[in-house]
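Let's take a walk through the inside of this protein. Have the model open and follow along.

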Amino acid sequence: MSDVSTTEDTAPPAGNDGPPAVRLTGITKRFPGVVANDQITFTVQPGEIHALVGENGAGKSTLMKILYGMQRPDEGTIEVKGKEVTFRSPKDAIAKGVGMVHQHFMLAAQLTVLENVILGEDPSRGGAIDFRRAKEKIQQLAKTQGVPLDVNRPVETLSVGEKQRVEIIKVLYRGADLLILDEPTGVLVPQEVEELFETLRELTAQGVTIIFISHKLDEVLQIADTVTVIRRGRTVTSVPAAELTARQLAELMVGSELPTPETRPATDLGEAALSVDDLRLRDPDAGRDLLHDITFDIRGGEVLGIAGVEGNGQAELVEVLLGLRKMSGGRVLLGGEDVTDDSTRERREGGMGYIPEDRHSRGLLLPAPLWENAMLGHQGSRPFARGALVDRDGARQRTAEIIESYDVRTPGADVAAYALSGGNQQKLIVGRELTADPRVLIAAHPTRGVDVGAQAAIWEEIRRARGEGLAVLLLSADLDELIGLSDRLMVILRGRLVAELDPQELTPEELGSYMTGAHEEVSS
């Protein structure tokens, strides 16, 4: 491993004479069969951006849920601004100035910015909501971030970056001066990431303290003052960010050296495995096209990446290709066979694999055992079925093979899916789809919310399958992932494919300009 010293349960020295903004000491949290946090110590100084990193399952989420009052520790103490506290709920945490911005936005799309911010915290005067006072306070909070905000706009009309600013303002509105940001850049393009980082720097200049949780290590090193690494429920080290490289940080997270990435080999392209011709999807309620004139082919042995800011038609494209939504026009060929009118099941049985964008809502039955989850989408085929009956022995055997081949860390096939970390849940889904030997794999955000180790493993499996002749349609918000895995890249903007690009001649910044339409404006 690279030369970075590691010590158990260490904390950075105080950077000022006052007490730390937060000090967690000896935090232990046990669940049946697992110790999520094991005597963790974590110290954050006032006014700093402190990154918390670790593999999925390392204990980050549990630790932050404890700090935010969503869970209570079995052992250990929490100090905020030098005073020991006990949080029984997030309300208690907010009362002490601790707020959290979650990875998945908690906004009501049909309400305005103003209504979202004051929801549950209505400023009243004489029993009536004082909208004027609320509006003034929100506008002042937005102004201190250097970004104006129209409080009367419906949230559904905002960009992803603007929605995130609303989430931050919601927390500040409630009086928080310590923000926990959980994967805040997960759905942002590079330009929006820079805007967020400017906001964070503005906030810390005003005395706000920030805990930044992310799997994007280059961003961690760009924005953080200090980085704390936890592994398998214990503190590994806390280090000034300026003393680390991304590779050193990744190795601290996984506990071993990472392999040097290899150049992606060329493959012999086969016939078109998936052909989409003039696909169109119309929203009859809105009276407009959600998708228009979508045309492309993917041949066996290649990865076609689709890049786009969230909300520009990617989710609708996936749903139409899978048969979850009926297209308004065009046709889809799978292995040369017209499947335009086929059901989702018929398309799956015809060789269409699918890694869903949201593993919890679309990829897994969380309370069910792993062997049942390994059947999903393939339950009518061998080895999961024998005639019309479920073959439990066959399902368990296949699940055991997936667990071994894809390094799914679990005691066995009978464990419930919810007991696995996010990275291991994702590896189970990837294994389920690839062991079914599909013709085409639709991979929607295949490494969203997973750590660097799981990400590397999933990338390697996609590369391996591509090398064996699989056609892959890749959709991702991770621009490095798109550029690094794709043989060809297409950009979707407002439901249309507006550009085809060569990933080998492209930077993330250039790709981001195509995705936001900025390149279009410059060219016109």
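**Starting from the core**

Set aside the neighbours within four places in sequence, and I210 touches E48, I49, H50, L179, L181, L200, L203 and T204, where contact means heavy atoms within 4.5 Å. This is a predicted model, where local features need pLDDT of at least 70, side-chain atom pairs count only at pLDDT 80 or more, and totals for chains, interfaces and linings use all residues. Residues are numbered from 1 along each chain as its sequence is written, and side-chain values use heavy atoms, with hydrogens and water left out.

I210 is also among the residues with the most contacts inside the largest nonpolar core, alongside L179, L200, F212, V227 and L249. That core has 54 residues; a nonpolar core is a set of buried Ala, Val, Leu, Ile, Met, Phe, Trp, Tyr and Cys residues joined through side-chain atoms within 4.5 Å. Helix α5 (residues 160–173) chips in the most, with 7 residues (helices are DSSP runs of H or I, at least four residues, and strands are runs of E, at least two, numbered from the N terminus).

Now look at F212 again. What does the search of the whole structure find in the way of aromatic pairs? Just 1: the ring centres of F197 and F212 are 6.1 Å apart with planes at 65°, so they sit edge-to-face (centres within 6.5 Å make a pair; planes under 30 degrees apart are stacked, over 60 edge-to-face, the rest tilted). F197 is in helix α6 (residues 190–205) and F212 in strand β10 (residues 209–213), so the pair ties together parts 15 residues apart in sequence. Both F197 and F212 are buried, meaning under 20% relative accessible area with a 1.4 Å probe, protein chains only.

Methods: Phe/Tyr/Trp six-rings, centres within 6.5 Å; stacked < 30°, edge-to-face > 60°. Buried < 20%, exposed > 50% of the residue type's maximum accessible area, 1.4 Å probe, protein only.
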